[in-house]
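Welcome, and please open the model in your viewer. We will move from stop to stop, with a selection to make at each one.

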Amino acid sequence: MESCISAIGIANPHNRIAQQDIYHFMVNAFGLDATNAARLKSIYDNSGIDYRYSVIPDFGEPDPSNYTFFDTSGSFTPFPDTRKRLKLYQDEAITIAINAVKNCLAGFGADVIKQITHLVTISCTGMHAPGIDIELVEKLELNRDTERTCINFMGCYGAINGLKVADYICRANPEAKVLVVSVELCTLHFQKDNTLDNWVANSLFSDGAAAVLVENTSQRLGTGTNLTLKNFYSEFVTEARDDMGWYVGNTGFEMKLTSRVSKQIKKNIKALTSRFLQKAKLNADEITAYAVHPGGRKILEAVEDALELPEESNAFAYETLQQYGNMSSATILFVLQKMLKAENLVDQKIMSFAFGPGLTVEGMILEMC
């Protein structure tokens, strides 16, 4: 028996902000002179991102006196502390998560909510207890005995772990209906220390949520195209352990993201892919499509170079990056949602990767049916 993704719904905050408007915000926040402003502009111009979303409208506001989250003097003093940031997460994340769930289940009957048996929530950008899981049960009116699993602080690869858990549940219990919900408010954790790592991190991240219905293929509620979950793989690159990190600081969560990440992926992904294929008992030529987490343009290019793939193999990932930016764990689900809606991928085997602290590589193989 196998399990599958029957539906994916996505949602974002209502603040859709042009990448170039965020650039101007950052020039002011970092207090950059003309030389460094030009260096930062090069990063933004080459990011592959046109728009990002945020629960904080300030990133698109040219006049600091209109800020609603940061100090209206434009000095960023005092800088918002972790408590203030996580209070905004507590207030805003649930609305975006609910919108994603409603979009996911829109094609099903009204009684689908009462058929959900398990809930898996994923987030690395905020937490509280009672948390998003209990709020979803209450606000969506799921059954009170819905079994809940929370996957927290795993970074950009968290959604693959969420799908893995859902797969295990549905294989063990064919009648299970698992709702997987990822919600990330990455922009809450903007840091203004004037470092290259912060320049890069602040040029990438965005806010969004995605919801997925996973069920056993033998007892589907869904009747349309699905993504069958075939294989999973996990490995971390020890020598790259210090190149990506996610830490709790006094002014929010602090991202460590060095320029070596894409180089480490390029160096290691080919051998890792070979081990994954061996475990899955597949040949490389049996993989006909790719869904790579668009952590950044350089990461996509690193995978393409190492695996000798044409740029068009990552078309859905580039499109997601351009339209939304990097929404941490939710992003790979946005990519899969685009693939699920496409009409030219039926019967194809899709290899997917996501990357995060460790340096961890999580992979999966799906088949569109």
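Helices and strands here are DSSP runs, numbered from the N terminus, with at least four residues for a helix and at least two for a strand. Keep in mind throughout that this is a predicted model.

**Stop 1: two cis peptide bonds**

Start by selecting Pro130, which sits in the loop between strand S4 (118–123) and helix H5 (132–140). The peptide bond leading into Pro130 from Ala129 is cis, and its omega is near -5 degrees.

Now select Leu359. You will find Leu359 in the loop that runs between strand S12 (349–356) and strand S13 (360–368). Here the cis bond joins Gly358 and Leu359, with an omega of about -15 degrees. Remember Leu359, please; we will meet this residue again at a later stop.

**Stop 2: two residues with positive phi**

Next, select Phe76 in the loop between strand S3 (51–54) and helix H3 (82–104). Phe76 is not a glycine, yet its phi is positive, at about 60 degrees. Is Phe76 buried or exposed? Phe76 counts as buried because its relative accessibility is 1%, and the cut-off for buried is under 20%.

Move on to Asp347, in the loop between helix H11 (331–341) and S12. Asp347 is another residue other than glycine with a positive phi, near 70 degrees. With a relative accessible area of 60%, Asp347 is exposed, as that class begins over 50%.

**Stop 3: the largest pocket**

Select Val200, Leu204, Leu257, Gly296 and Lys298. Of the 26 residues lining the largest pocket, these five are the closest to its centre. The space in this pocket comes to about 530 Å³.

Which elements give two or more residues to this lining? They are helix H2 (34–45), helix H7 (196–202), strand S10 (252–257), helix H8 (260–280) and helix H9 (297–307). Colour the lining by residue class and you should find twelve nonpolar, eleven polar and three charged residues.

**Stop 4: where H8 meets H9**

Stay with two of those elements and show H8 and H9 together. Two packed helices are described by the angle between their axes and the distance between the axes. The axes of H8 and H9 come within 8 Å and cross at roughly 40 degrees. The crossing is right-handed.

To see the contact, select Val261, Ser262, Ile265, Lys266, Ile269, Lys270 and Thr273 on the H8 side. Then add Lys298, Ile299, Ala302, Val303, Asp305, Ala306 and Leu307 from H9. By class, the residues of this contact are eight nonpolar, two polar and four charged.

**Stop 5: the second largest pocket**

Now turn to Ser6, Ala7, Ile8, Cys104 and Phe108. These residues lie nearest the centre of the second largest pocket, which has 17 lining residues. About 190 Å³ of space lies in this pocket. Strand S1 (3–11), H3 and H11 each supply at least two residues of the lining. Sorted by class, the lining holds seven nonpolar, eight polar and two charged residues.

**Stop 6: the cavities**

How many cavities of 30 Å³ or more does the structure hold? There are two.

For the largest cavity, select Cys186, Thr187, Ala201, Asn202 and Phe205, which lie nearest its centre among 25 lining residues. Two or more lining residues come from each of helix H1 (19–30), S3, H7, strand S9 (244–249) and S10. The volume of this cavity is about 290 Å³. Its lining divides into 16 nonpolar, eight polar and one charged.

The second largest cavity contains about 30 Å³ of space. Select its lining: Val237, Gln264, Ile265, Asn268, Ile269, Leu272, Phe355, Leu359 and Val361. Leu359, from the cis bond with Gly358, is one of these lining residues. Ile265 and Ile269 are in this lining too, and both also take part in the contact of H8 with H9. H8 gives the largest share of the lining, five residues. By class there are seven nonpolar, two polar and no charged residues.

**Last stop: a long look across**

Finish at Ala315, in helix H10 (residues 315–324). Ala315 counts as partly exposed, at 36% relative accessibility. Draw a line from its C-alpha to that of Thr146: the two residues are 37 Å apart in space and 169 residues apart in sequence.

Conventions. Residues numbered from 1 in each chain as written. Predicted model: local features only at pLDDT ≥ 70, side-chain atom pairs only at ≥ 80, totals over all residues. Heavy atoms only, no water. Buried < 20%, exposed > 50% of the residue type's maximum accessible area, 1.4 Å probe, protein only. 1 Å grid on protein atoms, 1.4 Å probe; cavity = no way out; pocket = protein on both sides within 12 Å on 5 of 7 lines; lining within 4 Å. Points joined across faces, edges and corners; volume = space filled by probe spheres on them. Nonpolar A, V, L, I, M, F, W, Y, C, P; charged D, E, K, R; others polar. Axes fitted to C-alpha atoms, helices over the stretch in contact; angles between N-to-C directions. Left-handed = near helix turned anticlockwise from the far one by under 90°. Contact = heavy atoms within 4.5 Å.
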